[in-house]
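Hi everyone, thanks for coming. I have one structure to walk you through today, so please bring it up on your screens.

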Amino acid sequence: MPLGLGRRKKAPPLVENEEAEPGRGGLGVGEPGPLGGGGAGGPQMGLPPPPPALRPRLVFHTQLAHGSPTGRIEGFTNVKELYGKIAEAFHLPAAEVMFCTLNTHKVDMDKLLGGQIGLEDFIFAHIKGQRKEVEVFKSEDALGLTITDNGAGYAFIKRIKEGSVIDHIQLISVGDMIEAINGQSLLGCRHYEVARLLKELPRGRTFTLKLTEPRKAFDMISQRSGSGRPGSGPQLGTGRGTLRLRSRGPATVEDLPSAFEEKAIEKVDDLLESYMGIRDTELAATMVELGKDKRNPDELAEALDERLGDFAFPDEFVFDVWGAIGDAKVGRY
């Protein structure tokens, strides 16, 4: 059966490099936002958190990225709970935590905390800093932004393409949270929803971005953080194993991803950026998990429709995902 025959009718795909990435970022656990977004599985409600007795009792060390004493956190099973534990450790409202990086205090999107934490990783929490409002003239269809989200309702800029419209606006930086576009609040939205809004803005018009930048340490004040070039790929943990945070069900301690899984996740994440303007290694990992034992592209398409139907993946994208997984299996990197 040709790929996609019999698949239910979907909304037109977003094909543009207005990226919404959760970098390592989005975990698919954000609550439904103003645009109807939910977790990586769409608007379905996840399972309630497991009882404390069933949660992994692992202790992680953490600091605020702009500077603080070291805190200890444990007993979390998803990103929202992790942010809550960090907030408790430093006596902050949980809503102040924007995102976390692993093993560096800098706004390094290649070290963004996503769906997996190495058991020996050190967590740096980036909290809200200066708010700013910027007017942008959309002179081209593509603005040159890569968007990710933190898995808990905040979308922010993961990458700025060199030479792009946004690259020429020095007030906009990697790590800035996008609070609103033209007065429309984006709190609670997923990365792909924000990317869609940016894509749909009319060319030749001016629009307004309301942004919040992460609070910076002294040695970070002058840097804009990152070029438009991709990093060396997702780093899925540096410890002896990883704690995998799931949008539904309890967190689990797992071995580090195999070479096949790591390369397949990287290739699928690249495809997400190319086709949909998003990057999300947790979403890519879920797709690899769904596809690695499927016998043909149609089985993969059915699995994606069932688990991730809200994303409305186009058939040609599913076919390329199937090819990427197959290439990684046989070592064609």
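I'll start with the whole chain, then go to a pair of helices, a group of aromatic rings, and a few single residues.

First, a reminder that this is a predicted model, so please keep that in mind throughout. The chain has 333 residues, and 55% of them count as buried. Its secondary structure comes to six helices and 13 strands. For those of you who like contact maps: among contacts with a separation of 6 or more, 71% are between residues 24 or more positions apart. As for the surface, about 14,300 Å² is exposed, with carbon and sulfur atoms supplying 51% of that area.

Now, please find helix 5, residues 297–308, and helix 6, residues 315–329. How do they pack? Their axes are 9 Å apart, at an angle of about 115°, and the crossing is right-handed. Helix 5 brings Pro297, Leu300, Ala301 and Leu304 to the contact, while helix 6 brings Val318, Phe319, Val321 and Trp322. And which classes of residue make up this contact? Eight nonpolar residues, with no polar and no charged ones.

Let's stay in this region and look at the loop between helix 5 and helix 6, where Ala312 is found. Ala312 has a positive phi, near 55°, and this is a residue other than glycine. Is Ala312 buried or exposed? Its relative accessible area is 10%, and the cut-off for buried is under 20%, so Ala312 counts as buried.

On to the aromatic rings. The search of the whole structure turned up seven aromatic pairs. One of them joins Tyr192 and Phe311: the centres are 4.7 Å apart and the planes are at 45°, a tilted arrangement. What I like here is the sequence separation: Tyr192 sits in helix 2 and Phe311 in the loop between helix 5 and helix 6, 119 residues apart. Phe311 also pairs with Phe313, and that pair is stacked because the planes are at 5°, with 5.5 Å between the ring centres. Tyr192 is buried at 3% relative accessible area, Phe311 is buried at 3%, and Phe313 is buried at 3% as well. Which residues make up the aromatic cluster around them? Tyr192, Tyr275, Phe311, Phe313 and Phe317 form one cluster.

Since Tyr192 took us to helix 2, residues 191–200, let's look at that helix too. Seven of its 10 residues are buried, so mostly covered is a fair description. Those buried residues are His191, Tyr192, Glu193, Val194, Ala195, Leu197 and Leu198.

Next is His126, in strand 6, residues 123–137. His126 is buried, with a relative accessibility of 0%. What surrounds it? Setting aside neighbours within four places in sequence, His126 contacts Ala65, the run Glu96, Val97, Met98, Phe99, Cys100 and Thr101, then His105, Lys106 and Val107, and also Pro214.

My last residue is Asn182, in the loop between strand 9 (177–181) and strand 10 (184–185). Asn182 is another residue other than glycine with a positive phi, here near 50°. Its relative accessibility is 47%, which makes Asn182 partly exposed, whereas Ala312 is buried.

That's my tour. Thanks for listening, and I'm happy to go back to any of these views.

Conventions. Residues numbered from 1 in each chain as written. Predicted model: local features only at pLDDT ≥ 70, side-chain atom pairs only at ≥ 80, totals over all residues. Heavy atoms only, no water. Buried < 20%, exposed > 50% of the residue type's maximum accessible area, 1.4 Å probe, protein only. Helix = DSSP H or I, 4+ residues; strand = E, 2+ residues; numbered from the N terminus. Axes fitted to C-alpha atoms, helices over the stretch in contact; angles between N-to-C directions. Left-handed = near helix turned anticlockwise from the far one by under 90°. Contact = heavy atoms within 4.5 Å. Nonpolar A, V, L, I, M, F, W, Y, C, P; charged D, E, K, R; others polar. Areas by Shrake-Rupley, 256 points an atom, 1.4 Å probe, with all protein chains shown as cover. Phe/Tyr/Trp six-rings, centres within 6.5 Å; stacked < 30°, edge-to-face > 60°.
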